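Trainee: I would like a close look at a single part of this model, starting from one residue and following its surroundings outward. Please take it slowly and explain each term as you use it.

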Amino acid sequence: MPFFDLDPAQLAEVLGSEPNYRAKQVWQGVYGMLERPADLTTLPKNLRSRIADDPRLELSLSRVDRITSDAGKTIKDLWQLADGRQVESVLMAYSDRVTLCVSSQAGCAMGCVFCATGQAGFFRHLTRAEILEQVFHAAALSKHALGKRLSNLVFMGMGEPMANYDNVVAAIRVIVQDFGISARHITLSTVGIIPGILRLAQEGLPLSLAVSIHAANNEKRTALVPMNARYPLEDLMEALQHYRTRSNRRISFEWAMMAGINDGVQDAIELAGLARRLRAHVNLIPLNPTPAWDYPGSAPEVVREFRDHLGALGVNATIRANRGNQIAAACGQLQAQVSRRAKAVAKEH
Ligand code: SAH
Ligand code: SF4
């Protein structure tokens, strides 16, 4: 069991005959001071080396690549898991906050046609420890490299968080309680898995919920987001209404702007109809190019017109800044790039 799978009682058990206060000290050192367990200089040297050698206190991720852009304000890390699978996380510094985009699965089974992660398919769920450790490394990076506290979290990396519900929610509880990130500053982004949304409404966790809509009629949406066939828009809207009432949290819609596909007048009208019912905020995302989806994103002026049209229809919409575009900070793309690079290198030899 790696370090980030342990609760305080299990940590005390692993530390065995050590005095009781040691477990607290280790916990505080890791979750509070953001030091690796084996680097805690406040501990006696022999205990530190015992910690370093104990497989039950191991970390789960090793970094295989880091790409920085936006003058050091966007940092994308590629992590290797113990079984060789790879996932990514992206740290983004803004003037008023530092946000981490985390992965919840290695791959994704949802098959959205425009998404690099979906195109690569599903490998496995991340464990609670693997999710928490992304937060740990990012919080330490934010503290040391940016001199700022990691304040916000978005589950918008690789994977569908609702498909890995138990591990994601278990990790979120620790993130709130032990890393001290407020639930209100955590956004769970979902393709629209209705049972997960209904379950989350009962958790008493005031998370922000983002829903990847991308098309506002069933025919179009099913073509882009195949899960829509299972959880069609009418049922999804009902579940979201329930979430909104129960949690009292605003819901947002994600809409990747695809030229000639979902950026027309009729699309804006249909989307406005759904958004108004839920008083949802709309985030317009410039489409990032992916290997198996050949269609271009909407031109910037079309995106602005679409936003203005939504505004005229009574819907608040913002155009999301395309952070890390040069480093392919979209869903799953760093991994795709590294594997291509690795393949190219392998070919040369
Ligand atoms: N599985 C979840 C969260 C991860 S995807 C979900 O789908 O919501 C995070 C966001 O990136 C989603 O809104 C998703 O639709 C969007 N996305 C995926 N591929 C994209 C692309 N090529 N360009 C722009 N946004 C993309
Ligand atoms: Fe999975 Fe989200 Fe990508 Fe769809 S957009 S394939 S749900 S990661």
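Where is the place of W293?

Mentor: The place of W293 is in the loop between β11 (281–286) and α11, where helices are DSSP runs of H or I with at least four residues and strands are runs of E with at least two, both numbered from the N terminus. Before going further, note that this is a predicted model, in which local features need pLDDT of at least 70, side-chain atom pairs count only at pLDDT 80 or more, and totals for chains, interfaces and linings use all residues, while side-chain values use heavy atoms and leave out hydrogens and water. Residues are numbered from 1 along each chain as its sequence is written, and chains are lettered from A and ligands numbered from 1 in the order in which they are written.

W293 counts as buried, at 11% relative accessibility; the term stands for under 20% relative accessible area, with exposed meaning over 50% and partly exposed the range in between, using a 1.4 Å probe and protein chains only. Leaving aside neighbours within four places in sequence, W293 is in contact (heavy atoms within 4.5 Å) with V113, F114, Q119, L224, M258, I261 and L287. One of these partners, F114, is 179 residues away from W293 in sequence, yet the two C-alpha atoms are 5.4 Å apart in space.

The aromatic surroundings deserve the same care. A pair of aromatic rings is described by the distance of the centres and the angle of the planes. Rings of Phe, Tyr and Trp (for Trp, the six-membered ring) pair if their centres lie within 6.5 Å, and planes under 30 degrees apart are called stacked, those over 60 edge-to-face and the rest tilted. The structure holds 9 such aromatic pairs. In one of them, the rings of W255 and F306 have centres 6.0 Å apart and planes at 25°, so this pair is stacked. Because W255 lies in strand β10 (residues 251–257) and F306 in helix α11 (residues 300–312), the pair ties together parts that are 51 residues apart in sequence. W255 is buried at 0% relative accessibility, and F306 is also buried, with a relative accessible area of 3%. Returning to our loop residue, the rings of W293 and Y295 have their centres 4.5 Å apart and their planes at 50°, so that pair is tilted. Whereas W293 is buried, Y295 is partly exposed, with a relative accessible area of 47%.

The stretch of sequence that includes F114 also leads to a ligand. Of the 10 residues around ligand 2, those that come nearest are C108, M110, C112, C115 and G118, where a residue is near a molecule if one of its heavy atoms lies within 4 Å of it. That shell divides into 6 nonpolar, 3 polar and 1 charged, with Ala, Val, Leu, Ile, Met, Phe, Trp, Tyr, Cys and Pro taken as nonpolar, Asp, Glu, Lys and Arg as charged, and the others, Gly among them, as polar. Two of the cysteines are buried, C108 with a relative accessible area of 10% and C115 with 13%. The structure has 0 disulfides, a disulfide being a pair of cysteine sulfur atoms within 2.5 Å.
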